[in-house]
Amino acid sequence: MSRKCIITGKGPVSGNNRSHSLRATRRRWNVNLQKVNLLIDGKRVTRISTKALRTLRKASKSTELEVAAN
């Protein structure tokens with residue numbers, strides 16, 4: 001299973017560690033993926049990034065407020 005968010009498509013990013021003497025060694029920053037069971041457009045989604053999860057939670061709260069207001 002790849003380290004990629006299904007919704008946003010975010011994946012790992014690579015770069016260099018820099019020591020005090022400025023030696024460069026390769027490193028990798030992984031995406032913060034969380035295991036969540038969601039249904040989005042009829043598809044089951046299990047691993048999404050925390051940024052996408054936060055956005056979805058905020059969107060669901062705003063639609064609840066709109067429904068309650070109507």
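Contact here means that heavy atoms lie within 4.5 Å of each other. Keep that in mind as you browse these close-ups of a predicted model.

**Figure 1. Val-13 sits in strand β1 and has partners further along the chain.** Skip the neighbours within four places in sequence, and Val-13 is in contact with Arg-27, Arg-28 and Trp-29. Now look for Asn-30: 17 residues separate Val-13 from Asn-30 in sequence, yet their C-alpha atoms are 6.6 Å apart in space.

**Figure 2. Here is the whole protein, for orientation.** You'll find one helix and four strands. Starting at the N terminus, the order of elements is β-β-β-β-α. Of the 70 residues, 14% count as buried. The protein exposes about 6100 Å², with carbon and sulfur atoms supplying 51% of that. How many of the contacts between residues at least 6 apart in sequence join residues at least 24 apart? The share is 29%.

**Figure 3. Strands β3 and β4 pair up in a hairpin.** Strand β3 covers residues 33–40, and six bridges join it to β4. The two strands run antiparallel. At one spot along the pair, Ile-40 stands opposite Lys-43 of β4. Two residues lie between the strands of this hairpin. One to look for is Asp-41, which lies in the loop between β3 and β4. Its phi is near 55 degrees, a positive value even though Asp-41 is not a glycine. Is Asp-41 buried or exposed? Asp-41 counts as exposed, because its relative accessibility is 79% and the cut-off for exposed is over 50%.

**Figure 4. Leu-22 is another residue with a positive phi.** Most residues other than glycine have a negative phi. Leu-22 isn't a glycine, but its phi is about 65 degrees. You can find Leu-22 in the loop between β1 (13–18) and β2 (24–29). With a relative accessibility of 58%, Leu-22 counts as exposed.

**Figure 5. Eight residues make up the largest nonpolar core.** The members are Cys-5, Val-31, Leu-33, Val-36, Val-45, Ile-48, Ala-52 and Leu-53. Strands β3 and β4 and helix α1 each supply at least two residues of this core. If you've met this idea in class, here it is again: in soluble globular proteins, nonpolar side chains tend to be buried together. Zoom in on Ala-52 and leave out residues up to four places away in sequence: Ala-52 touches Cys-5, Ile-7 and Thr-8.

**Figure 6. Ser-49 is a buried residue in strand β4.** Strand β4 spans residues 43–49. Why does Ser-49 count as buried? Its relative accessible area is 2%, and buried means under 20%. Which residues does Ser-49 contact, leaving aside neighbours within four places in sequence? They are Cys-5, Thr-8, Val-31, Asn-32 and Leu-33. Cys-5, Val-31 and Leu-33 also turn up among the core residues of Figure 5.

**Figure 7. Ile-6, Ile-7 and Leu-56 make a nonpolar patch on the surface.** The patch has an area of about 250 Å². Leu-56 belongs to helix α1, which takes in residues 50–69. Leu-56 is partly exposed, with a relative accessible area of 34%. That value can join a patch because patch residues need over 30% relative accessible area. Ile-7 is worth a second glance, since Ala-52 from Figure 5 touches Ile-7 too.

Technical notes: Residues numbered from 1 in each chain as written. Predicted model: local features only at pLDDT ≥ 70, side-chain atom pairs only at ≥ 80, totals over all residues. Heavy atoms only, no water. Patch = residues over 30% accessible without salt bridge, like charges linked within 9 Å, V, L, I, M, F, W, Y side chains within 5 Å. Areas by Shrake-Rupley, 256 points an atom, 1.4 Å probe, with all protein chains shown as cover. Salt bridge = Lys/Arg side-chain N within 4 Å of Asp/Glu carboxyl O. Buried < 20%, exposed > 50% of the residue type's maximum accessible area, 1.4 Å probe, protein only. Pairing = 2+ DSSP bridges. Core = buried A, V, L, I, M, F, W, Y, C linked by side-chain atoms within 4.5 Å.
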